[in-house]
Amino acid sequence: MIRVIDNHFILETNKTSYIITSTASGLLLHDYYGSKVNLVSFEAIRQKLENGRGTAVLFEGNKDEYLDDLDLEFSTIGLGDYRENLITIFDKETGYSNSFRYQGYEISKKTTIEPIPCSYEEKEVLRIDLLDEVLNCKAELYYKVYEDSDVITRYTRLINLSNKSYNLERIFSMQMDFPENDFVMMTFDGSWSKERQVSKKRLVSGIYINDSKSGASSNKHNPFVILKKRNTTENIGNCYGFNLVYSGNHKTVVEVKPNNKVRVLSGINDYAFNYELTDEFISPEAVFSFSSQGLNGLSQNMHYFINNHIVRGEWKNKERPVLINNWEATYFNFDEKKLFKLAKASKDIGIELFVLDDGWFGKRNDDTSSLGDYSVNDKKLPHGLKKLSENINNLGMKFGLWVEPEMISENSELYRIHPDWAVKVPQRKPSTGRNQLALDLTNKEVRDYLIRSLTDVFSSCNLDYVKWDYNRTLSDIYGSKIKNQGEYFHRYILGLYEILEVINKRFPHILFEGCASGGNRFDLGMLCYFPQIWTSDDTDYLERVYIQTGTSYGYPLSTMGAHVSDIPNHQTLRSTPLSSRYNISIFGVLGYELDITLLSPKELSEIRKQIEWYKNYRRVLQFGRFYRSSKTIFERNNCYFWAVGENETVVGFYQGLVHPNQSEDILYIKGLDDEPYNFTSVNQKINLKQFGGLINMVSPIKLKLNGKLHNMICRVYKLNSEDEEQVVTGSMLDNCGVRLKGQFLGTGFNSNVRVLGDFGSRIYLLEKNKKR
């Protein structure tokens, strides 16, 4: 709901209030954002500056308007606010001096003035108009209110009404000024194969920056940022989340003044950004939310918002299929026979979608050639994609394909014809990444070629899924068809969005999965076109616990691609149980990426049962209300997640390295009604080799470890995991918790001992007790 009382704007969601005030001098002030309030007095929340500010500058000499200390909604440059500012416009005649004053407002149900892409199905939109009379530039501030998810979004349309051009050097999408500081800043940082690791910084006086300069939202610093009160936990306390519907260079600035006032700015990065403003510019859409129910509450707001107002089309809130990807099974070394054998074995254990990864086109036998070419490699696939997809479909499976449209190999037919289509700065030798160059998406000829080529490929066979990859970042900053190279990074992303808009409309049935060497472009912009994203190239069980924990703070399980892969893991060389690799992958979009044809009958049977169980609870695991345990894997050696559905709740318990005599494992589960539930463990198989030489303590004959007899016994016989079966209530789960059976401590084993060891895990199920 949006209300206007005199010169005050009140934006309300189900649980939050956001209040703005315009002054007689035309300034726009930020009064409050937090829990929903019953507001009876604006005077009570008005910032009081009548006591003066020493030598501080007064805005245009106006009484008490000390600009450098006011809580502003829209800050500029050259007026006396010396904090980081929202907008910088340079005029050759007046220099760095911008003064936007309040003009009026409009409330509507919908607006057609929006960035591409953006959120959708908002209830109301507030537009506040500001004008710089000297520059004759208008700023339209748009606020979209999503009551159902307690989210508000904001962006700016900047219109040049003059007959001259200006240099737009900075334009953030949102600003929020807080009167006091007791904040911890959480960012989600990393690198290739180690994305979105949780980083916490106690804020003191200074300037903090979370940004990307690589041309993508990046694996280094995700655009999602949290400010939480110091004592806020996963379940208790106040916190704010900020994100951006954008896939390029982003920047969030948090400035803390010595007097503990805090300013937050978020939007497109001003790094290598200089936009010639001749007509208008629309900033990316900023997204923010507040929770008084801790970090879990904030995550749930973001998850609901993304599932219902970012992801769109036929795959919105639709269950994702279980897939097999051939990459780690074959890499580039495959042919039709090998692929079909893998697909048939996968179908036999319940997998629904077969994905052909890199290597199907041109002369692509390694990563040094053929990107940009779209002819089928007839040596590997002599009957083409159409026949392969038909063979896959005849098995009862869907067919998917990998592409990397934004890149070009120097050893390719396309490069030999159009070397000018690659991104290269004149007179400089270009940098390469993964042996490839980037295509110049600021060039319309390139965009048209990609749309045409992708349309031909996607129409050539019965295609249900596409994995869209992006295996290097942008280094050379140059567009051959643009006059102002300060616009290159932004125009590249706009070019990408143009392609995705066309392709999505032409192929609405295809499930697109984004990928960028894993999670290098995991952002809200991509999720407008790709309902799911490959979370990381790292499929190691333990690393995935870290990566998926970090990702879950801002993004829902339905968006996280998660695969069970082989051991030793191809990224870490670590060996972990098959059950654990599966148990972490189900808290995401489950897939498999290993050579199924080489597995033993016991392993195949185990995977068949895994997939069968997953399909029964797929809805709650992909779209249930998600929670993290009060201590995550970043703070202790084990943790747990749970997803709450209408009638059932699935809990995943994950352990890193085991320690002797470690603390008791108690599961505290929130979010359930106070009625009886059956709490049960899901059975897993335990390899006898996990006991090592202890097996000889019970064996009637002495076994040589890893000998033929020992290997045969371990191959044929596996122990069942312990049974957990309790009847509990929602209040018991919340307050008492469930005290799990004790872990193996080296002093004995029986059916009441949990054997997890290093990298062990369990799945538990809570179902409503229908007997009472």
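**Close-up 1. A nonpolar patch sits on the surface of this predicted model.** Five residues make up the patch: Ile701, Leu709, Met712, Val716 and Tyr717. Put together, they offer about 470 Å² of accessible area. If you're hunting for isoleucine 701, look in the loop between β36 (685-686) and α12 (708-716). That isoleucine 701 counts as partly exposed, at 47% relative accessibility.

**Close-up 2. Strand β11 (residues 183-191) is mostly covered.** Of its nine residues, seven are buried. One of the strands that β11 pairs with is β14 (residues 225-229); the two run antiparallel and are joined by four bridges. To get your bearings here, find valine 184, which stands opposite lysine 228 in β14.

**Close-up 3. β11 and β12 form a hairpin.** Here β11 runs antiparallel to strand β12 (residues 194-202), and seven bridges hold the pairing. Threonine 187 is a handy landmark, standing opposite serine 199 in β12. Just two residues lie between the strands, and serine 193 in that turn has a positive phi of about 65°.

**Close-up 4. Eight strands make a closed barrel with parallel pairing.** Going round, the order is β21-β22-β23-β26-β27-β28-β29-β30. From one strand to the next, the twist averages 30°. For a closer look at one pairing, take strand β26 (residues 465-468) and strand β27 (residues 511-514): they run parallel, with four bridges between them. Lysine 467 has glutamate 513 in β27 as its bridge partner.

**Close-up 5. Cysteines, but zero disulfides.** A disulfide is a covalent bond between the sulfur atoms of two cysteines. The structure holds zero of them. Take cysteine 118: the nearest cysteine sulfur belongs to cysteine 528 and is 7.1 Å away, whereas a disulfide here would need the two sulfur atoms within 2.5 Å. Cysteine 118 is also buried, with a relative accessible area of 7%. Cysteine 515 is in no disulfide either; for that residue the nearest cysteine sulfur is again that of cysteine 528, at 18 Å. Like cysteine 118, cysteine 515 counts as buried, with 5% relative accessibility.

Conventions:
Residues numbered from 1 in each chain as written. Predicted model: local features only at pLDDT ≥ 70, side-chain atom pairs only at ≥ 80, totals over all residues. Heavy atoms only, no water. Buried < 20%, exposed > 50% of the residue type's maximum accessible area, 1.4 Å probe, protein only. Patch = residues over 30% accessible without salt bridge, like charges linked within 9 Å, V, L, I, M, F, W, Y side chains within 5 Å. Areas by Shrake-Rupley, 256 points an atom, 1.4 Å probe, with all protein chains shown as cover. Salt bridge = Lys/Arg side-chain N within 4 Å of Asp/Glu carboxyl O. Pairing = 2+ DSSP bridges. Axes fitted to C-alpha atoms, helices over the stretch in contact; angles between N-to-C directions.
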